[in-house]
Amino acid sequence: MTSPHVTVGVDGSLTAVRALDWAAQEALHRGVGLRVVHAVADLDEAGPVLASAVARIDAHHPELPVTGEPVEGGAVEVLLRESEDAVLTVVGSRGLGGITGAVFGSVSRRLAGHTHGPLLVVRGDHRCDGDREVLLGLGGDADTDAAAYAFQEAERRGVRLRVVHSWSHRHVGPELPSVIPATSPGQRALARRDADEEAVPRFSMAELRERHPGVGVESHTVRAAPGHALLEATREAGVVVIGVHRHTDRHLTRPGSVAHTLLHRSHCPVVVVPAGTPAIG
């Protein structure tokens, strides 16, 4: 499938079926086709799984163009190649060739760290009904691609965008007390950092607010560990969007502590947007 499409990896597991359903909804929302991929060691083994997946889509979404493709190779390598042409790549939180639990965690990290485009990892027990808010984890102005994706997603779903900008409160070293309370050099420096951190969401969001005036935005800056703050917020979100820097070295499999936490513990699906991702309109 060379036209714009969403790609989903399946393996016949129940988790993969849930990812398939999410991928179908994502394709419908974008007005593109769906490409169902099954990575196998022997192409002759892929028939039943692909046939079942395509039949499910035809039954539930007869208007959605869908193709099933067996691809020889490991799940990570296959899906990384597939992500080069897909507007979105979707996988379940476990499965893909019998890989489950903690072992799959290494697979999700490799995909997140190397994917060429947005990656949706289906987690949590929320239905893919699109009624819940979109959550954006913002680390700074470097996350502009993730922010753009989050605005587009909120606009597409017709829901509110909640921005959580987290940072850790830095320790001020010992110093001589000031005659006037809270005006020591260390305290003034801390206040300046506070103001700078508070301004990050405003400056980062300004242009995107103008481009998406219909999106309601609620921003919060929290002084807590980023992973913990976002993890709590995923309880009420429909999807959480985070940015990562894509690695060119295939041996670097850790996209970051925040992504690691969300990929393993998020209460809702996680969208990982690599830096440099083109706008999807």
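Is Gly214 buried or exposed? Gly214 has a relative accessible area of 72% and is exposed, where buried means under 20% relative accessible area, exposed over 50% and partly exposed in between, computed with a 1.4 Å probe and protein chains only. The residue lies in the loop between helix H6 (185-211) and strand S8 (217-223). Its C-alpha atom is separated by 9.4 Å from that of Arg160, 54 residues away along the chain.

The structure is a predicted model, in which local features need pLDDT of at least 70 and side-chain atom pairs count only at pLDDT 80 or more, while totals for chains, interfaces and linings use all residues. Residues are numbered from 1 along each chain as its sequence is written, and side-chain values use heavy atoms, with hydrogens and water left out. The average pLDDT (the predictor's confidence in each residue, from 0 to 100) is 79 for the chain, and 72% of the residues score at least 70. Over residues 97-105 pLDDT stays under 50, and the model has 14 contacts beyond four places in sequence for them, a contact being heavy atoms within 4.5 Å. Residues 168-174 also have pLDDT under 50 throughout, with 11 contacts beyond four places in sequence.

The secondary structure comprises 8 helices and 10 strands; these are DSSP runs, helices being H or I of at least four residues and strands E of at least two, numbered from the N terminus. Of the 281 residues in the chain, 48% count as buried. The accessible surface comes to about 13,400 Å², and carbon and sulfur atoms contribute 52% of it; areas come from the Shrake-Rupley method with a 1.4 Å probe, and for residues only the protein chains shown count as cover. Among contacts in the chain with a separation of 6 or more, 81% are between residues 24 or more positions apart.

The largest nonpolar core contains 46 residues, and those with the most contacts inside it are Val8, Leu34, Val36, Val90, Leu136, Leu161 and Val241. Such a core is a set of buried Ala, Val, Leu, Ile, Met, Phe, Trp, Tyr and Cys residues joined through side-chain atoms within 4.5 Å. Apart from it lies another core of 23 residues, including Ala112, Ala229, Ile242 and Leu262. Beyond its neighbours within four places in sequence, Leu161 contacts Val134, Leu136, Ala150, Phe151, Ala154, Val215, Gly216, Val217 and Glu218.

Three of these partners, Ala150, Phe151 and Ala154, are among the buried residues of helix H5. This helix (residues 144-157) has 14 residues, which should span 20 Å at 1.5 Å a residue, and its end C-alpha atoms are 20 Å apart, in agreement; the expected span is 1.5 Å times one less than the number of residues. Because 10 of its 14 residues are buried, H5 is largely enclosed by the rest of the structure. Gly158, which follows H5, has a positive phi near 70°. In the loop between strand S6 (133-138) and H5 lies Asp143, which counts as buried at 16% relative accessibility. Not counting residues up to four places away in sequence, Asp143 touches Gly137, Leu138 and Gly243.

Helix H1 (residues 14-30) has 17 residues and reaches 25 Å from its first C-alpha to its last, close to the expected 24 Å. Its buried residues are Ala16, Ala19, Leu20, Trp22, Ala23, Ala24, Glu26, Ala27 and Arg30. Gly31, just after H1, takes a positive phi of about 70°.

In strand S1 (residues 5-9) lies Thr7, which is buried at 0% relative accessibility. Its side chain makes a polar contact of 3.4 Å with the side chain of His5; a polar contact is a pair of N or O atoms within 3.5 Å, where within protein one must be able to donate a hydrogen and the other to accept it, and residues adjacent in sequence count only if both atoms are side-chain atoms. Leaving aside neighbours within four places in sequence, Thr7 contacts Arg35, Val37, Leu79, Glu82, Ala86, Leu88, Thr89 and Val90. Of these partners, Ala86 is in the loop between helix H3 (75-82) and strand S4 (88-92) and is buried at 10% relative accessibility.

Strand S3 (residues 66-72) holds Gly68, which is partly exposed with a relative accessible area of 33%. The C-alpha atoms of Gly68 and Val36 are 4.7 Å apart, with their positions 32 residues apart in sequence.
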